[in-house]
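Please prepare a short written report on the structure shown below, with attention to its charged side-chain contacts and its strands.

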Amino acid sequence: MFKIVSAAIAVSLTGLPALANAPDYSPQDGEVLAFDVYRGDTEFGTHEIAFQREGDELLVDVDIALRAGFGPVTVFRYEHESSERWRSGTLVAFSSQTLKDGETYTVQADLENDALVVQGETEEGGDVTNSFAPSILPSSHWHGYPDGLERILNTEFGTPMEVTVEYLGEEQIAADGTTIMAHHYRLEGTLTVDLWYDANGRWAGCAFEARGQSIRYERRSAA
């Protein structure tokens with residue numbers, strides 16, 4: 001299964017100053033993180049995350065479009081759109097629609113009585129309701145994951161995902177049309193994802209293997 005991530009290209013260290021663990025990221029109003037997605041060396045699609053501030057609330061819109069094919073013939077298509085609403089660092093609402101392998105899945109979540117109640121669907125197509133602590137993190141990756149985390153919200157299906165998180169240190173990656181120093185984390189769940197975050201805590205890249213293919217993201221330079 002193609003998750004909503006891809007990779008920055010790791011290259012050798014060149015003696016740039018060492019970084020501490022990635023800091024917490026606080027997106028600015030109007031900020032956009034945009035990635036070009038590759039399958040091997042072939043362009044595969046795009047992944048964009050847009051942020052807006054409304055008082056003490058942060059609105060996050062995710063738009064992913066991936067396609068593989070031969071000329072005009074499409075053999076694989078993945079589309080995901082989601083919206084997150086955060087208040088004082090807590091996820092209070094979430095919705096998503098995902099087109100995957102020709103099937104469409106929808107998720108709707110709202111904070112009710114100090115619990116995030118999620119209406120989703122299993123990959124087999126059955127409706128499911130789950131309740132999470134307000135501290136749950138969605139699998140949208142932009143916010144990073146702390147060491148010791150054991151569970152996240154699967155944004156495709158609205159189901160819990162058991163995970164482990166490991167910090168692997170800092171290294172150089174390709175991003176923003178150049179190379180940058182970044183913090184490397186490994187998230188192991190339904191598949192293993194390598195994630196990188198820059199010195200400001202902004203998501204900078206990721207990589208994973210799925211269906212025998214190597215998928216990577218490269219972050220575009222901000223406009």
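Which side chain meets that of Arg186 in a salt bridge? The partner is Asp194, with 2.8 Å between N and O, where a salt bridge is a side-chain nitrogen of Lys or Arg within 4 Å of a carboxyl oxygen of Asp or Glu. This is a predicted model, in which local features need pLDDT of at least 70 and side-chain atom pairs count only at pLDDT 80 or more, while totals for chains, interfaces and linings use all residues. Residues are numbered from 1 along each chain as its sequence is written, and side-chain values use heavy atoms, with hydrogens and water left out.

**Salt bridges**

The structure holds 15 salt bridges, and the table lists some of them with their N to O distances.

| Acidic residue | Basic residue | N to O distance |
|---|---|---|
| Glu57 | Arg87 | 2.6 Å |
| Asp194 | Arg186 | 2.8 Å |
| Asp198 | Arg202 | 3.3 Å |

Burial is described here by relative accessible area, with buried meaning under 20%, exposed over 50% and partly exposed in between, for a 1.4 Å probe and protein chains only. In the pair of Arg186 and Asp194, Arg186 counts as partly exposed at 28% relative accessibility, whereas Asp194 is buried, with a relative accessible area of 13%.

The side chains of Glu57 and Arg87 also meet in a salt bridge. Because Glu57 belongs to strand β4 (residues 57-70) and Arg87 to strand β5 (residues 73-87), this pair ties together parts that are 30 residues apart in sequence. Helices (H or I, at least four residues) and strands (E, at least two) are DSSP runs, numbered from the N terminus. Glu57 is buried at 10% relative accessibility, while Arg87 is partly exposed, with a relative accessible area of 37%.

Asp198 and Arg202, by contrast, are both buried. These two residues also belong to a network of salt bridges that links them with Glu31, Asp176 and Arg219.

**Strands β2 and β3**

Strand β2 (residues 32-39) runs antiparallel to β3, and eight bridges join the two; strands are taken to pair if DSSP finds at least two bridges between them. Val32 has Ala50 of β3 as its bridge partner. The hairpin of β2 and β3 has two residues between the strands, and in this hairpin Gly40 takes a positive phi near 65°.

Phe44 lies in strand β3, which spans residues 42-54, and is buried, with a relative accessible area of 2%. Although Phe44 and Tyr217 are 173 residues apart in sequence, their C-alpha atoms are 9.5 Å apart in space.
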